[in-house]
Amino acid sequence: PGIEDEVLEVSDLDVHYGVGRRRHRALSGVSLQVRSGETLGLIGETGSGKSTLARTVLGLVRASGGRVRIGGEDVTGYSQRQWRSFRRRGVVQYVFQDPLRSLDPDLTVQESLLEPLLLRGDPRASALEAVREQFARVNLDEHLLPRRPAELSGGQRQRVAVARALVVEPALIILDEPVSALDAANRVQILQIIKNLRDAGTALVFISHDLGSVAGVADRIAVLYQGELVESGSTAEVLRTPQHAYTRLLLGSVPTLHAPPATRAERQALRAQLNGEPV
Ligand code: ADP
């Protein structure tokens with residue numbers, strides 16, 4: 001596969017928040033690639049920088065160093081205006097943990113789904129057809145189309161958010177904790193939709209603190225720890241032979257994945273090591 005297959009290419013990315021003495025680093029030297037038809041599982045605990053990475057790739061946070069290429073296009077130095085026009089083309093879409101953040105509360109479901117298509121310049125008739133098609137794909141009934149997000153259940157809302165991301169057939173979808181707020185039944189459904197997407201050739205970045213939900217879907221796994229990428233490899237490789245102490249710690253808390261079980265003492269020692277304490 002050549003370089004043109006890379007849908008997402010992040011190179012040596014640094015992101016800082018705050019200014020002056022409050023300035024702190026959220027991401028440091030992060031590099032990763034995602035090809036078309038590939039799902040990258042990005043895992044790490046709260047505060048490790050996962051959402052910052054997602055928000056930088058979506059143009060919502062500005063990098064202080066490094067480069068981001070999406071669909072072969074270098075978006076690193078884009079102004080707000082350039083981002084707006086890039087977004088309108090629908091190359092990259094997103095699904096957040098809270099569907100109310102992915103959906104406009106004032107728009108009906110139909111309007112929400114039509115919006116990205118009409119912005120892109122699709123004729124209304126073909127846009128309506130695409131909306132109906134996506135709705136069926138996420139197992140939603142058309143009688144929900146006139147409703148607003150507040151009138152839907154949590155699981156329905158998240159399926160609408162997924163349908164909205166799909167409707168423009170983007171090259172890349174960033175899923176930030178897409179199942180974390182859902183109950184078991186809805187979780188299974190959304191995970192199945194994500195698997196279908198992957199099989200249909202969309203490049204996905206699936207972000208989660210929960211290795212268990214990512215492992216069943218991701219081709220490769222990357223582990224963020226305190227703003228740095230400490231591990232990356234095929235899912236099987238990372239589960240079988242994790243290289244970094246933090247990944248082993250994560251695996252120790254997912255007993256069903258057949259990782260060498262970490263004992264309580266081992267885990268305490270790892271924690272201490274990770275925090276730079278003498279063991
Ligand atoms: P995760 O998604 O893995 O929980 P985040 O990307 O949200 O991690 O956060 C990474 C680091 O950046 C944390 O230390 C967090 O406190 C900090 N951070 C996140 N968002 C902001 C913000 N808007 N302003 C200042 N600091 C932030």
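Here is a walk through the ligand site and the enclosed cavities of this structure, which is a predicted model.

Let's start at the ligand. Its surroundings are made up of Tyr 17, His 24, Ala 26, Glu 45, Thr 46, Gly 47, Ser 48, Gly 49, Lys 50, Ser 51 and Thr 52. If you sort this shell by class, you find two nonpolar, seven polar and two charged residues. Three polar contacts are worth finding on your screen. At Gly 47, a polar backbone atom is 2.6 Å from an oxygen atom of the ligand. Ser 48 also takes part through its backbone, where a polar atom is 3.2 Å from a ligand oxygen. With His 24 it is the side chain that matters: one of its N or O atoms is 3.4 Å from a nitrogen atom of the ligand. How much of the ligand does the protein cover? On its own the ligand has 560 Å² of accessible area, and the protein covers 58% of that. Two elements, strand S2 (24-35) and H1, each give two or more residues to the shell. H1 provides the largest share, three residues.

Keep H1 in view as we turn to the interior. Rolling a probe the size of a water molecule over the atoms shows where empty space is left. Here, two cavities of 30 Å³ or more are counted.

The largest cavity has a volume of about 60 Å³. Which elements supply at least two residues each to its lining? They are strand S3 (39-43), helix H1 (50-57) and strand S8 (203-208). H1 again gives the most, with three residues, so this helix has the top share both here and in the shell around the ligand, as the assignment of helices and strands shows. The full lining consists of Leu 8, Leu 32, Leu 40, Leu 42, Leu 53, Ala 54, Val 57, Ile 174, Val 205 and Ile 207. By class, that makes 10 nonpolar residues, with no polar and no charged ones.

The second largest cavity holds about 30 Å³ of space. To find it, look for Gln 93, Tyr 94, Ser 102, Ala 161, Arg 164 and Ala 165, which line it. Strand S6 (92-95) and helix H6 (154-166) each contribute at least two of these residues, and H6 has the largest share with three. The mix of classes in this lining is three nonpolar, two polar and one charged, whereas the lining of the largest cavity has no polar and no charged residues.

Terms used. Residues are numbered from 1 along each chain as its sequence is written. This is a predicted model: local features need pLDDT of at least 70, side-chain atom pairs count only at pLDDT 80 or more; totals for chains, interfaces and linings use all residues. Side-chain values use heavy atoms; hydrogens and water are left out. On a 1 Å grid over the protein atoms alone, a cavity is a set of points where a 1.4 Å probe fits but cannot get out, and a pocket is an open set with protein on both sides within 12 Å along at least five of seven lines; lining residues have an atom within 4 Å of a point. Grid points are joined across faces, edges and corners, and a volume is the space filled by probe spheres set on the points. Helices (H or I, at least four residues) and strands (E, at least two) are DSSP runs, numbered from the N terminus. Ala, Val, Leu, Ile, Met, Phe, Trp, Tyr, Cys and Pro count as nonpolar, Asp, Glu, Lys and Arg as charged, and the others, Gly among them, as polar. A residue is near a molecule or strand if one of its heavy atoms lies within 4 Å of it. A polar contact is a pair of N or O atoms within 3.5 Å; within protein, one must be able to donate a hydrogen and the other to accept it, and residues adjacent in sequence count only if both atoms are side-chain atoms. Accessible areas come from the Shrake-Rupley method with a 1.4 Å probe; for residues, only the protein chains shown count as cover.
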